[in-house]
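Please look over the sequence and the structure below. The paragraphs that follow begin with a single residue and then widen out to the whole chain.

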Amino acid sequence: MRLYQKETPDFAGKEILFGLNETSSNEEIMAQAIKLLREIRSMPAATVRDGKPEARVIDFCVLSDNKAYFIASKGKPLHRDLLENPYIILCERYQRWYTFRLQAKVKIVSDNQQIWDEFFSYNIGTATMYGKHLRLLDLFQLESGEGELLHLYADDKLKRARFAFGGATVKPFSYRIKENCNGCGLCLDSCCECAIVPQGDRYKISYMDCNDCGKCYVSCPQQAIECSLHNEAWQERMFSK
């Protein structure tokens, strides 16, 4: 049996999560997300067909309005999926230690010739490939959604920042320390990410550092941690030995 040494990141003394921090606004996080989308362009994506996920690869193009667009041929399964259920999910690794995640609703904007013209100025090969059959294409825009940037900056240590756009709301984390926390510190001791921080005489969760794992929840003797996932089946899974 051959054992492999785990490779770990080392960002000591370097910028973590593109310089984003707890005070970064949604607009600042979104700007970094757009920058990554512009740089990465082609991403694996999931659509839904008959209630089941389908794997796709979509090539995005961010235009001068800082919005992301892509095309789909009307003859492709991707196009059919989006007509039936206009949502996609993206998840892509960037430079090994970063992850970009996005869940978005899409809409067709094929009636906007100005957008077509700018899109094809960046995608001359696509225009040439379809030639006289451009009517087979539809142009889609990421209309609204929410996402996250994540940085594994040290061995099992992460920073994350969530954002939303187009009227969507930022996806909440699963756990929250309630007002009846008595400051015993057991959640602090159990946290593997140093995401439990003091707040007066009790504690709170620093969500930028949180792994959303639930260790604090099962460690709290006061039942002072609220979980949005809670139901009987979940409770049984979390506390079973």
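In this predicted model, E148 has a relative accessible area of 6%. Because the cut-off for a buried residue is under 20%, E148 counts as buried. The residue sits in strand β7, which runs over residues 137-154. Its side chain is joined to that of R160 by a polar contact of 2.7 Å. R160 is one of several residues that E148 touches beyond its neighbours within four places in sequence; the others are T99, F100, R101, A161, R162, F163 and F173. With F100 there is also a backbone figure to give: the two residues are 48 apart along the chain, and their C-alpha atoms are separated by 6.1 Å.

A second acidic residue can be read in a similar way. D209 is found in the loop that links β11 (202-205) to α6 (215-219). Is D209 buried or exposed? Its relative accessibility is 9%, and since buried means under 20%, D209 is buried. The side chain of D209 has a polar contact of 2.8 Å with the side chain of K159. Setting aside residues up to four places away in sequence, D209 touches K159 together with E22, L158, E193, C194 and A195.

C194, one of those contacts of D209, has a backbone detail of its own. Its phi is positive, about 55°, although C194 is not a glycine. C194 lies in the loop between α5 (186-190) and β10 (196-199). With a relative accessibility of 56%, C194 is classed as exposed. R96 has a positive phi as well, near 70°, and is likewise a residue other than glycine. R96 belongs to the loop between β5 and β6, and at a relative accessible area of 39% R96 is partly exposed.

Next comes the interior. In soluble globular proteins, nonpolar side chains tend to be buried together. Here the largest nonpolar core contains 38 residues, and F60, F70, I88, L142 and L149 have the most contacts inside it. Several elements each give at least two residues to this core: the helices α1 (26-40) and α2 (77-84), and the strands β1 (42-49), β4 (68-73), β5 (87-94), β6 (98-108), β7 and β8 (157-165). The largest share, seven residues, is supplied by α1. Apart from this core there is a second, separate one of 16 residues, with Y175, I196, C220 and A224 among them.

F70 shows what one member of the largest core touches. Leaving out residues up to four places away in sequence, its contacts include I58, F60, L82, I88, V106, F119, L139, F140 and L142. D59 and D138 are touched by F70 too.

The whole protein can now be described. It has seven helices and twelve strands, and its C-alpha atoms fill a box of roughly 70 × 50 × 45 Å along the principal axes. Of its 241 residues, 42% are buried. Among contacts with a separation of 6 or more, 63% are between residues 24 or more positions apart. The accessible surface comes to about 14,300 Å², and carbon and sulfur atoms account for 51% of that area. The protein has 32 positive and 32 negative charges, and the mean positions of the two sets are 4 Å apart.

Definitions and conventions. Residues numbered from 1 in each chain as written. Predicted model: local features only at pLDDT ≥ 70, side-chain atom pairs only at ≥ 80, totals over all residues. Heavy atoms only, no water. Helix = DSSP H or I, 4+ residues; strand = E, 2+ residues; numbered from the N terminus. Buried < 20%, exposed > 50% of the residue type's maximum accessible area, 1.4 Å probe, protein only. Contact = heavy atoms within 4.5 Å. Polar contact = N/O pair within 3.5 Å; in protein donor to acceptor, adjacent residues only side chain to side chain. Areas by Shrake-Rupley, 256 points an atom, 1.4 Å probe, with all protein chains shown as cover. Lys, Arg positive; Asp, Glu negative; His and termini not counted. Charge placed at Lys NZ, Arg CZ, Asp CG, Glu CD. Core = buried A, V, L, I, M, F, W, Y, C linked by side-chain atoms within 4.5 Å.
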